[in-house]
2 protein chains.
Amino acid sequence: MKVTINDVAKHAGVSMKTVSRVINKEPSVRKKTYDLVMQAVKELDYQPNTAARNLAGTSSFAIGLVYDNPNAYYVIDMQNGVLSRCKDEGYELVIHPCCAQDPDMHKEIATMIQRSRLAGLVLTPPLSEQQDIINMLDELGVAYVRLLSGQNEAASNDPGDAPEIKNNNCIYVDDYAAAYEITVHLINLGHKTIAFACGDAEHKSTTERLAGYQQALKDHDLSINNELIYEGTYSFESGVKGAKALLKDNNAAKITAILGGNDEIAAGALFASRLMNIAIPEQLSISGFEDSPFSRQTWPKLTTAHQANSVISEHAARLLFSKTRGSRKQDKDIITTFTPTVVVRESTGPAPV
Amino acid sequence: MKVTINDVAKHAGVSMKTVSRVINKEPSVRKKTYDLVMQAVKELDYQPNTAARNLAGTSSFAIGLVYDNPNAYYVIDMQNGVLSRCKDEGYELVIHPCCAQDPDMHKEIATMIQRSRLAGLVLTPPLSEQQDIINMLDELGVAYVRLLSGQNEAASNDPGDAPEIKNNNCIYVDDYAAAYEITVHLINLGHKTIAFACGDAEHKSTTERLAGYQQALKDHDLSINNELIYEGTYSFESGVKGAKALLKDNNAAKITAILGGNDEIAAGALFASRLMNIAIPEQLSISGFEDSPFSRQTWPKLTTAHQANSVISEHAARLLFSKTRGSRKQDKDIITTFTPTVVVRESTGPAPV
DNA sequence: AGTTAAAATGACAACGCTGTCAAACTGCAT
DNA sequence: ATGCAGTTTGACAGCGTTGTCATTTTAACT
């Protein structure tokens, strides 16, 4: 029933080590030997034992995905992207939802890494922004990839320095550019008083999106009014509250569009508008951010910035694998900066006259 | 840096095996020795090596969660429930999204089990209903728990037989009862022509929910009309289509309420009604099923049947752990049948006169 | 105190693989 | 042929636990 590497070795008439080499795609195995072993593997239906490989090897065949995000769609996309890569590489994925607030977070993660001897880690925001975690990871010498909001700064400065040394373990999502774009979309529709309902202040994505929004206004000679900025969290409830607060003295401010920090906020704003009998998009345009599935399930469907999370996370995993084991893969086809694109649906329209 | 069981043994002045016993909470360790070892563990900050435990032991310290479900909320809840249990038990979770359609599904799962030497498996619908997978699992002798739609049939028949032998590895969600209840809710509101938009026909939950709905009608002397039943899938789009189809000849049928197979279908129906300018709930009541977060984010908020997925999956894991290793835990506090409860929100109201 | 069963502990060999390093090949220039 | 560097292969010792079984200690009796 249970086939070991030894059985395969005997069957193929080679040593265990050679079988091991084939399994691990190590170089310096003659083609003929390779085929011989592969056939034996197939004939015996050999399944390498993960535990034994993990124990004998220098690191295990597992990577971790750490997140603290209430958005189920986001998390699932992240998981699936990483998972698809893991499947290809024959790795396992250890998922680790956690609470960024927890002061002992880095310890908890360290424990997980040591217990499972993880080969690497994918960090999603906001964990990817926490210095204590990064420090711990560096100390431990574990490979990791960070998903970050922003642009790759390494690209521009110090071109003399070996560029592959700096920030070579980050994947960027250019929220700034995306927010800029979506704001321009609104401006082009004739909107002049555009509000912004922020997500959690601690998240870098919030400041990036806000900055993009503000720059767009500036570039189009529209004034930046702090009263048009609502500071909230990335939640539906916050969207409801924010919209209510922003639209309270509507007559004074004449807000004709609200840019939500994410889709949930936008959905909340949509909900609030309905309570206040405001027609969308005739009287008010609302846009989201992220393009989670439910942005297509609201009424009207949300204009938003599409972010291919599963693709992004797949590239994160790809980047991570390029750093583990011997893997001398070229990083060539790894995209490290993603810019969400505007998806126009029904929640935005021409500014009312 | 790296502390092994041997270090702990020396530090505590006992043998490795004794430390191992303490770690694994095996009985027959004197309290005094136990404390001694635990202190050494703490002082040295010892982390048992998962790979070594997996290799040396008869099964690994990992269980699997297998699912094929497009609903991110559902999956996340399932993961979190199982995960919380895993944390307590010191197990790892291997998640395995897959495609139920795939004819080689059971082989793929078998491979996963053997590679990781999983201690057990939690199966969610519809995988939990597939006989080929169950057979494979039985053959392999792996512990598993199935999440099923329906009621525990073992409870009633053959009370003479040892009851713990039959169906002792299933957790039931009584969709029938829940659908009955929610239909009664509608009937009590005065609705007489209630439609039902089904989910995927292959899922047991669909037939259970449909049966509950029909029984409720019967018990209240309302006729069962097949034209009021739309056969679709568990998706938003299907909800849209279903509602359109059902309401097409509205005058003839006089449908005043639609029961959605799940929240997504209900949200779709909501969307369609808006397209057709039908006021909810004044002209038409719509109810969902499952109480996923977005049932609170629609307009109006959905009346639905609340299903505590994370609690359910936690109990599934609990049940699974009661079957693994030596664990002589009592099953006493494990609930094996859950009945979703009706949550009345704004999408249902009195039938129009 | 003396006997005996039961409980607690320890010695040691697996578990199935990979890292290390030495041995055996290969091809190519002498 | 002969030597030499480079490539391919193999022998063997771990990796850090747990299972088995033997041994020691404890408790519970005469």
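**View 1. The surface near DNA strand C.** Around DNA strand C, the surface residues comprise 13 nonpolar, 11 polar and 5 charged (Ala, Val, Leu, Ile, Met, Phe, Trp, Tyr, Cys and Pro count as nonpolar, Asp, Glu, Lys and Arg as charged, the others, Gly among them, as polar). This is a predicted model, in which local features need pLDDT of at least 70 and side-chain atom pairs count only at pLDDT 80 or more, while totals for chains, interfaces and linings use all residues. Residues are numbered from 1 along each chain as its sequence is written, with chains lettered from A and ligands numbered from 1 in the order in which they are written. Ile5(A), Ser20(A), Ala56(A), Ser28(B) and Thr33(B) come nearest of the 29 residues around the strand (near: C-beta atom, placed from the backbone, within 6 Å).

**View 2. Strand 3 of chain A and its neighbours.** Gly120(A) and Val122(A) on one side of strand 3 (residues 120-123), and Leu121(A) and Leu123(A) on the other, are all buried (20 or more other C-beta atoms within 10 Å of a residue's own, all placed from the backbone; strands are DSSP runs of E, at least two residues, and helices runs of H or I, at least four, numbered from the N terminus). Strand 3 of chain A pairs in the parallel sense with strand 1 (residues 62-67) over 4 bridges (pairing takes at least two DSSP bridges). Here Gly64(A) sits opposite Leu121(A). Strand 4 (residues 143-149) of chain A is also a parallel partner of strand 3, over 4 bridges, and Gly120(A) has Ala143(A) as its bridge partner there.

**View 3. An open sheet in chain A.** Four strands in the order 7-6-8-9 form this parallel sheet. Its edges are strand 7 (229-230) and strand 9 (285-287). Ile258(A) faces Ile286(A) of strand 9.

Terms used: Buried ≥ 20, exposed ≤ 12 C-beta atoms within 10 Å, placed from the backbone.
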